[in-house]
Amino acid sequence: MVEFKDVSVTYSSGVDALNGINLKIKDGDFAFVVGSSGAGKSTLIKLILKEIDATEGTVLVNGFNLSKLRRGKVPALRRTIGVVFQDFRLIPTMTVYENVAFVLRVIDAPAKYIRSRVPYVISLVGLEDKAKSYPTELSGGEQQRVALARALVNDPKLIIADEPTGNIDPALSYEIVDLLRSINECGTTVLMVTHEHDLVRYFGGRIININKGEIAFDEVIGGTNRNESK
Ligand code: ADP
C-alpha cells in the first residue's frame with residue numbers, strides 16, 4: 001500500500017514540486033498518474049522509492065514509514081517495488097534470460113529458484129522464444145516486456161511503470177498496458193505514469209491527475225474499450 005499524508009516537497013532550489021498531497025493506493029489497485037511536464041509526477045515516484053525525502057508530511061509504502069526509515073533499510077523497501085522505465089535500462093551484453101536472472105543473482109537467490117523463476121516470468125510476458133536473444137535483437141515493445149519481466153522477477157508488491165510506453169510504437173503501447181493490467185489482476189499493485197491520454201481513455205480505471213504539485217482530480221473513469229472498463 002502507498003499512502004501520502006499532507007506531503008510537500010520543496011527542492012533546495014526553492015521550487016515547490018509537491019504541495020499537500022493526500023493519496024492512498026491500496027494493495028491490488030491499478031492507477032494511472034497523469035499530468036503535464038513539471039507537474040510533479042517524477043517527484044512523487046522518487047518519494048515512493050525514497051530517492052528523495054518529503055519536506056513535510058508522511059509517506060508510507062508497503063509497511064515502511066519512509067520518513068523514519070534508516071538508510072540501511074532502503075534496500076529492503078526497494079525489494080518490495082519493481083520499476084519499469086521509459087528507456088528500458090537493459091544490459092546490452094546480456095541475453096534476455098541473463099538480464100532477468102541478474103536481479104535475483106545480486107540478492108543471492110538460490111540457483112534452483114533462479115532456474116525456475118526466470119523462465120516463468122519470461123513466459124508471463126510472452127517472450128519464451130526470445131530468452132537467448134540480446135536486447136538489440138528485440139523490438140522496443142519486446143525490450144519493454146523484458147524490463148517488465150525484470151521488474152516482476154522478485155515478486156514485488158508494487159510495480160511502478162514510469163512512462164513505460166514513451167519509447168515504443170503506439171500500437172504496441174496497448175499491449176504493454178494490457179500486460180500491466182493482467183499482472184495487476186494477479187494481485188500486484190500497479191502505478192503507471194503516463195502522458196498518453198489516448199491510452200488512459202481507452203483503458204479507463206483510476207486516474208490521478210497532478211497539476212502544479214497538487215492533485216487536480218483522483219477519479220475512476222470508464223474506458224472506451226468496453227471489455228476492459230469496470
Ligand atoms: P514531472 O515528472 O511531472 O515532469 P517533476 O516532478 O520532475 O515533474 O518536477 C516538478 C517540479 O520540480 C518542476 O518544476 C521541476 O522543474 C522541479 N524539479 C524537479 N527535480 C528537481 C531538482 N532535482 N531540483 C530542483 N527542482 C526540481
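1. Serine 42 places a polar side-chain atom 2.6 Å from an oxygen atom of the ligand, and lysine 41 likewise has a polar side-chain atom 2.9 Å from an oxygen atom of the ligand. A backbone contribution comes from alanine 39, where a polar backbone atom is 3.1 Å from an oxygen atom of the ligand. Taken alone, the ligand exposes 560 Å², and the protein buries 63% of that area. These distances and areas should be read with the caution that the model is a predicted one.

2. The residues around the ligand include the run Ser36, Ser37, Gly38, Ala39, Gly40, Lys41, Ser42 and Thr43, and they also include Tyr11, Ser13, Val15 and Ala17. Sorted by class, this shell holds four nonpolar, seven polar and one charged residues. The largest share of the shell, three residues, is supplied by helix 1, which spans residues 41-48.

3. Helix 1 deserves a separate remark, since the ligand shell draws on this helix. The helix is mostly covered, with six of its eight residues buried, and the buried residues are Lys41, Thr43, Leu44, Ile45, Leu47 and Ile48. Lysine 41 therefore appears twice in this account, as a buried residue under the cut-off of 20% relative accessible area, for which only the protein chains count as cover, and as a residue whose side chain has a polar atom 2.9 Å from a ligand oxygen. After helix 1 comes lysine 50, whose phi is positive, near 50 degrees.

4. Strand 3, residues 30-34, is mostly covered, and five of its five residues are buried. Where do these buried residues lie on the two faces of strand 3? Phe30, Phe32 and Val34 are on one side, while Ala31 and Val33 are on the other, and both faces are covered. Strand 3 runs parallel to strand 8, residues 189-193, to which four bridges join it, and it also runs parallel to strand 9, residues 205-211, again with four bridges. Valine 33 can be followed into both neighbours, having valine 193 as its bridge partner in strand 8 and standing opposite isoleucine 208 in strand 9.

5. A separate point concerns an open sheet of four strands, which has the order 2-1-4-5 and antiparallel pairing. Strand 2 (16-25) and strand 5 (64-65) stand at the edges, and because each has a single partner strand, one side of each is left without a neighbour in the sheet. Strand 4, residues 56-61, is joined to strand 5 by two bridges, and these two strands run antiparallel. Within that pairing, leucine 60 stands opposite asparagine 65 in strand 5.

6. The count of aromatic pairs comes to four. One of them is formed by tyrosine 174 and tyrosine 202, an edge-to-face pair with 4.9 Å from centre to centre and 90 degrees between the planes. This pair links distant parts of the chain, with tyrosine 174 in helix 6 (residues 170-185) and tyrosine 202 in helix 7 (residues 197-203), 28 residues apart. Tyrosine 202 also pairs with phenylalanine 203: the ring centres are 4.9 Å apart and the planes stand at 80 degrees, so this pair too is edge-to-face. Tyr174, Tyr202 and Phe203 together form one aromatic cluster.

7. How buried or exposed are the members of this cluster, tyrosine 174, tyrosine 202 and phenylalanine 203? Tyrosine 174 is partly exposed, with a relative accessible area of 28%, and tyrosine 202 also counts as partly exposed, at 30% relative accessibility. Phenylalanine 203, by contrast, has a relative accessible area of 1% and is buried. The cut-off for buried is under 20% relative accessible area, so phenylalanine 203 at 1% falls within that class, whereas tyrosine 174 at 28% does not. Phenylalanine 203 lies in helix 7, and its C-alpha is 18 Å from that of glycine 187, a residue 16 positions away in sequence.

Notes: Residues numbered from 1 in each chain as written. Predicted model: local features only at pLDDT ≥ 70, side-chain atom pairs only at ≥ 80, totals over all residues. Heavy atoms only, no water. Near = heavy atom within 4 Å. Polar contact = N/O pair within 3.5 Å; in protein donor to acceptor, adjacent residues only side chain to side chain. Areas by Shrake-Rupley, 256 points an atom, 1.4 Å probe, with all protein chains shown as cover. Nonpolar A, V, L, I, M, F, W, Y, C, P; charged D, E, K, R; others polar. Buried < 20%, exposed > 50% of the residue type's maximum accessible area, 1.4 Å probe, protein only. Pairing = 2+ DSSP bridges. Phe/Tyr/Trp six-rings, centres within 6.5 Å; stacked < 30°, edge-to-face > 60°.
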